[in-house]
Amino acid sequence: MSIPSDQPEPVVRVNFDFRRELARKVEGNLASYCYQCGACVGDCPAATYSSTFNPREIMLKVLYGLGEELLRENSVLWQCVNCYNCHERCPQEVKPVEVIISLKNMLADRGIYPEAVRKIIETFEQTGRTTPLGPVIDRQRERFGLPPLSPVPMDEIRKLLEPDADQGGFT
């Protein structure tokens, strides 16, 4: 939709509630130190192979508090491969990858994640591992001289996954 030239451009209002919510998830207010230099894009494999993923644009949306554009179905955030290249390149030590991971956690808290992530979560809740084990894994481990995997202490994992009634969240 184009805006007639005689109309003023719409004003973007910063959503500080969203910024505060994110700050609670990541090391404080890291995103505020981003000055949009674009160094995070330089070695980003996701940006290289996707026309829709750009860590600089994500950080700008975070700066403006545009959470509704990031925290929605089919979010571009899931394209981040968590390679930490942006973290290594950032001159301000903003840690864009940590911001993106925190945003992914916020999506997961809302029950919004791709089918592949849902499968990983289910596998972990059932087995304590993120990938299912089987004879192929056993043969590969044996081939490389690795011992068989020890059983996962599922009782301990289930305790960690139980909601903490006193805190209203997870323990």
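Is Leu60 buried, partly exposed or exposed, and at what relative accessibility? I started my notes with that one, keeping in mind that this is a predicted model.

**Entry 1: Leu60 and its patch.** I found Leu60 in helix H3, which covers residues 55–64. Its relative accessibility is 32%, so I put Leu60 down as partly exposed; the bounds for that class are 20% and 50%. I then looked up what Leu60 shares the surface with, and it belongs to a nonpolar patch with Val12, Val14, Phe16 and Tyr64. Together these residues offer about 400 Å² of accessible area.

**Entry 2: Ser102.** Next I turned to helix H6, residues 96–109, where Ser102 sits. Ser102 has a relative accessible area of 5%, so I noted it as buried, the cut-off being under 20%. I also wanted to know which backbone oxygen lies 2.9 Å from a polar atom of the Ser102 side chain. That oxygen belongs to Glu98.

**Entry 3: helix H7.** How many residues does H7 have? I noted 13, running from 115 to 127. From first C-alpha to last, H7 reaches 18 Å, close to the 18 Å expected at 1.5 Å a residue. Just after H7 I came to Gly128, which takes a positive phi of about 80°.

**Entry 4: domains.** Last, I checked the domain assignment for the protein chain, which gives domain 1 as 16–109 and domain 2 as 115–148. I wrote down 30 Å as the distance between the C-alpha centres of domain 1 and domain 2.

Definitions and conventions:
Residues are numbered from 1 along each chain as its sequence is written. This is a predicted model: local features need pLDDT of at least 70, side-chain atom pairs count only at pLDDT 80 or more; totals for chains, interfaces and linings use all residues. Side-chain values use heavy atoms; hydrogens and water are left out. Helices (H or I, at least four residues) and strands (E, at least two) are DSSP runs, numbered from the N terminus. The expected span of a helix is 1.5 Å times one less than its number of residues. Domain bounds come from an automatic or database domain assignment. Patches are made of residues with over 30% relative accessible area and no salt bridge: like charges are joined within 9 Å, nonpolar side chains (Val, Leu, Ile, Met, Phe, Trp, Tyr) within 5 Å. Accessible areas come from the Shrake-Rupley method with a 1.4 Å probe; for residues, only the protein chains shown count as cover. A salt bridge is a side-chain nitrogen of Lys or Arg within 4 Å of a carboxyl oxygen of Asp or Glu. Buried means under 20% relative accessible area, exposed over 50%, partly exposed in between (1.4 Å probe, protein chains only). A polar contact is a pair of N or O atoms within 3.5 Å; within protein, one must be able to donate a hydrogen and the other to accept it, and residues adjacent in sequence count only if both atoms are side-chain atoms.
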